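Student: I've got the sequence and the model open and would like a close look at one part of it. Could you pick a side chain, start there and work outwards?

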Amino acid sequence: MPRKEQGWVTFQTSEDERKILEEFCEHSQRTKTEILRELVRSLTQQSSTPISPSTQQEEQENIYTQKPDRESSIQKKSLKVSSRNILKGVVKRVVYGAVNSEVTLEIVHKVELTSIITRASAEELELSEGKEAYAVIKSNDIVIARE
């Protein structure tokens, strides 16, 4: 299908602008398409007052340097993940260690997955028995073994 019919938008950018977008995508773990769609959608929600270039730069710097105590006041959006192997489950147990935690999810009856994650991550995710969570599996290799 031709780009025009798909709703494609193309535009020229400077090398610096392209780098800014790529860095933002990398830091936010989102694609350029996702970022630009969000930007376009936000145009109808913003006031008619244009944002000055210095304000835009300050806002962008703030995104990269946000402190954890400020993050709690920011409205969180649903997570989008590039991995296609995402399994929903229920936390069966969490064993907290000094540095790492062992988290076991029951995906379906008697099918469990266990992962070792940092204790800080387990605490931030507020993992506890009975809560829903997702196992996101990203692997370049699958090893098959036989006795």
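Tutor: Let's start with Arg93, which is partly exposed at a relative accessible area of 37%. On that scale, buried means under 20% relative accessible area, exposed means over 50%, and partly exposed is anything in between (1.4 Å probe, protein chains only). Before going on, keep in mind that this is a predicted model, where local features need pLDDT of at least 70 and side-chain atom pairs count only at pLDDT 80 or more, while totals for chains, interfaces and linings use all residues. Residues are numbered from 1 along each chain as its sequence is written, and side-chain values use heavy atoms, with hydrogens and water left out.

The partner of Arg93 is Glu112: their side chains meet in a salt bridge, 3.6 Å from N to O. The term stands for a side-chain nitrogen of Lys or Arg within 4 Å of a carboxyl oxygen of Asp or Glu. Since Arg93 sits in strand 1 and Glu112 in strand 3, the pair ties together parts that are 19 residues apart in sequence. Strands here are DSSP runs of E with at least two residues, helices are runs of H or I with at least four, and both are numbered from the N terminus. Glu112 is partly exposed too, with 38% relative accessibility.

Next door in the sequence is Lys92, whose side chain pairs with that of Glu106 in a salt bridge, also 3.6 Å from N to O. Lys92 belongs to strand 1 (residues 85-96) and Glu106 to strand 2, so this pair links parts 14 residues apart in sequence. Lys92 is partly exposed, at 33%.

What sits in contact with both of those strand 1 residues? Thr104 does: leaving aside neighbours within four places in sequence, its contacts include Lys92, Arg93 and Glu112. Contact means heavy atoms within 4.5 Å. The rest of that list is Val90, Val91, Leu113 and Thr114. Thr104 is in strand 2 (residues 100-108), and at 0% relative accessibility it counts as buried. Its side chain also makes a polar contact of 3.0 Å with the side chain of Thr114. For that label, a pair of N or O atoms must lie within 3.5 Å; within protein, one must be able to donate a hydrogen and the other to accept it, and residues adjacent in sequence count only if both atoms are side-chain atoms.

Val91, one of those Thr104 contacts, leads us to the nonpolar core. With Val103, Leu105, Ala122, Leu127, Ala133 and Ala135, Val91 makes up the largest such core, seven residues in all. Strand 2 and strand 4 are the elements that give two or more residues to this core. A nonpolar core is a set of buried Ala, Val, Leu, Ile, Met, Phe, Trp, Tyr and Cys residues joined through side-chain atoms within 4.5 Å. In soluble globular proteins, nonpolar side chains tend to be buried together. Ala133 shows the connections well: outside its neighbours within four places in sequence, it contacts core members Val91, Leu105 and Leu127, plus Leu87, Lys88 and Gly89.

Two loops in this stretch deserve a glance at their backbone. Lys110, in the loop between strand 2 and strand 3 (111-118), has a phi near 70°, a positive value in a residue other than glycine. Glu126, in the loop between helix 6 (119-124) and strand 4 (132-137), has a positive phi of about 50° although it is not a glycine. Most residues other than glycine have a negative phi. Lys110 is exposed at 68%, and Glu126 is exposed as well, at 54%.

Now step back to the whole protein. The elements run α-α-α-α-α-β-β-β-α-β along the sequence, giving six helices and four strands. Of its 147 residues, 11% count as buried. Six salt bridges are counted overall. Another of them joins Arg18 and Glu15 at 3.0 Å, N to O, and here both residues lie in helix 2 (residues 15-28), three residues apart, about one turn of the helix. Arg18 is partly exposed at 34%, as is Glu15 at 44%.
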